[in-house]
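Me: I've got a model open and want to go through it with you. Can we take it piece by piece?

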Amino acid sequence: SSGINAEYGDHPDQECIAKREQEEESSRKETALLVQYNYKNLLQEHCVKQSWQFPTYQTNKIGPAGFSSVVTVNGEDYTSKTMKSKVLAEKSAACIVLQSCNVIDENGQPVSTGDPKRSSGVSKYSWCKNQLQEHFAKCGLPYPTYTINPSGGKGFTAEVVHEKHPEKVIGPVGSSKRIAEQMAAHKAIAVWKILDSRE
């Protein structure tokens, strides 16, 4: 029976080794990106552009040789992957925020602002949800509600409704749920004829 166990035992070991090598290679590439780009600086610059408070990091040791960081940006928390150092953990957390905000792509590369497909997102519409909320708060009314729907595997659309306005508004396709909500809010400002202090 030991021969049978040995025979069947080889395959899982080989698979484990191959998987571990893939993970190590992926980790090496990710670490190289975190060293190449100062994502913490990029995130801080992005927060300044959006008139957000500076990000705050809470970093903890995970296990014998790892660190995990939680960064708070604009009231939301983002958790890093487990990294080998505190600095890399914080950079990883910043990277995750920048990806969710469409500032960098899924490969960690900065998005070109000259490409309308990639730049039509947070930087242009990030103020819109706050604008709507402030408007209704001043009127003593509840905030509008958003419903997110996937858009054929190519992003998301958001539907925004409010009890004061009969027309529901569906925004254009956004690359993330957050951007879809912001774009829907932008459209709602126009459809509902809400004064925009920025124009």
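Me: How many residues of E5 are buried?
Reply: Five of the seven, so E5 is largely enclosed by the rest of the structure. Buried means under 20% relative accessible area, exposed over 50%, and partly exposed in between (1.4 Å probe, protein chains only). Strands (E, at least two residues) and helices (H or I, at least four) are DSSP runs, numbered from the N terminus.

Me: What should I know about the model itself?
Reply: This is a predicted model, where local features need pLDDT of at least 70, side-chain atom pairs count only at pLDDT 80 or more, and totals for chains, interfaces and linings use all residues. Residues are numbered from 1 along each chain as its sequence is written, and side-chain values use heavy atoms, with hydrogens and water left out.

Me: Back to E5. Which sheet is it in?
Reply: An open, three-stranded one with the order E4-E5-E6 and antiparallel pairing. Two strands pair if DSSP finds at least two bridges between them.

Me: Which strands stand at the edges?
Reply: E4 (145–150) and E6 (165–170). Each has a single partner strand, so one side of each lacks a neighbour in the sheet.

Me: How much are neighbouring strands turned against each other?
Reply: By 15° on average, direction ignored. Axes here are lines fitted to C-alpha atoms, for helices over the stretch in contact, and angles run from 0 to 180 degrees between N-to-C directions.

Me: How many bridges join E4 to E5?
Reply: Six, and the two strands run antiparallel. E5 covers residues 156–162. Pro150 stands opposite Phe156, and Tyr146 stands opposite Val160.

Me: And how many between E5 and E6?
Reply: Three, also antiparallel. Glu159 in E5 stands opposite Ile170 in E6. E5 and E6 form a hairpin with two residues between them.

Me: Which helix packs on that sheet?
Reply: H7, residues 177–191. H7 touches E4, E5 and E6, and its direction makes about 45° with that of E5. Contact means heavy atoms within 4.5 Å.

Me: Zooming out, how many helices and strands are there?
Reply: Seven helices and six strands. From the N terminus the order is α-α-β-β-β-α-α-α-α-β-β-β-α.

Me: How much of the chain is buried?
Reply: Buried residues make up 35% of the 199 residues. The chain exposes about 12500 Å², with carbon and sulfur atoms supplying 51% of that area. Areas come from the Shrake-Rupley method with a 1.4 Å probe; for residues, only the protein chains shown count as cover.

Me: What about contacts across the sequence?
Reply: Take contacts between residues at least 6 apart in sequence: 39% of them join residues at least 24 apart.

Me: New topic. Which residues of H2 are buried?
Reply: Tyr39, Leu43, His46 and Cys47, in a helix that spans residues 39–49. Seen down the axis, they fall within an arc of 100°, so they line one face of H2. The arc is that of the directions from the helix axis to the C-beta atoms. Just after H2, Ser51 takes a positive phi of about 60°.

Me: Cys47, then. How many disulfides does the structure hold?
Reply: Zero. A disulfide is a pair of cysteine sulfur atoms within 2.5 Å.

Me: Why is Cys47 not bonded to Cys101?
Reply: Cys101 has the closest cysteine sulfur, but it is 7.8 Å from that of Cys47, too far for a bond. Cys47 is buried, at 0% relative accessible area. Cys139 is partly exposed, at 40%.

Me: Where does Ser80 lie?
Reply: In the loop between E3 (76–79) and H3 (86–100). At 9% relative accessibility, Ser80 counts as buried.

Me: What is Ser80 in contact with?
Reply: Leaving aside neighbours within four places in sequence, Ser68, Ser69, Ala89, Ser92, Ala93 and Ile96. The C-alpha atoms of Ser80 and Ser68 are separated by 5.7 Å, though the residues are twelve apart along the chain.

Me: Is Ser68 buried or exposed?
Reply: Buried, with a relative accessible area of 14%. Ser68 lies in E2, residues 67–73. Its contacts beyond four places in sequence include Gln58, Thr59 and Ala89.

Me: How many bridges join E2 to E3?
Reply: Four, and the strands run antiparallel. Thr72 has Asp77 in E3 as its bridge partner. The hairpin of E2 and E3 has two residues between the strands, and Asn74 there takes a positive phi near 50°.
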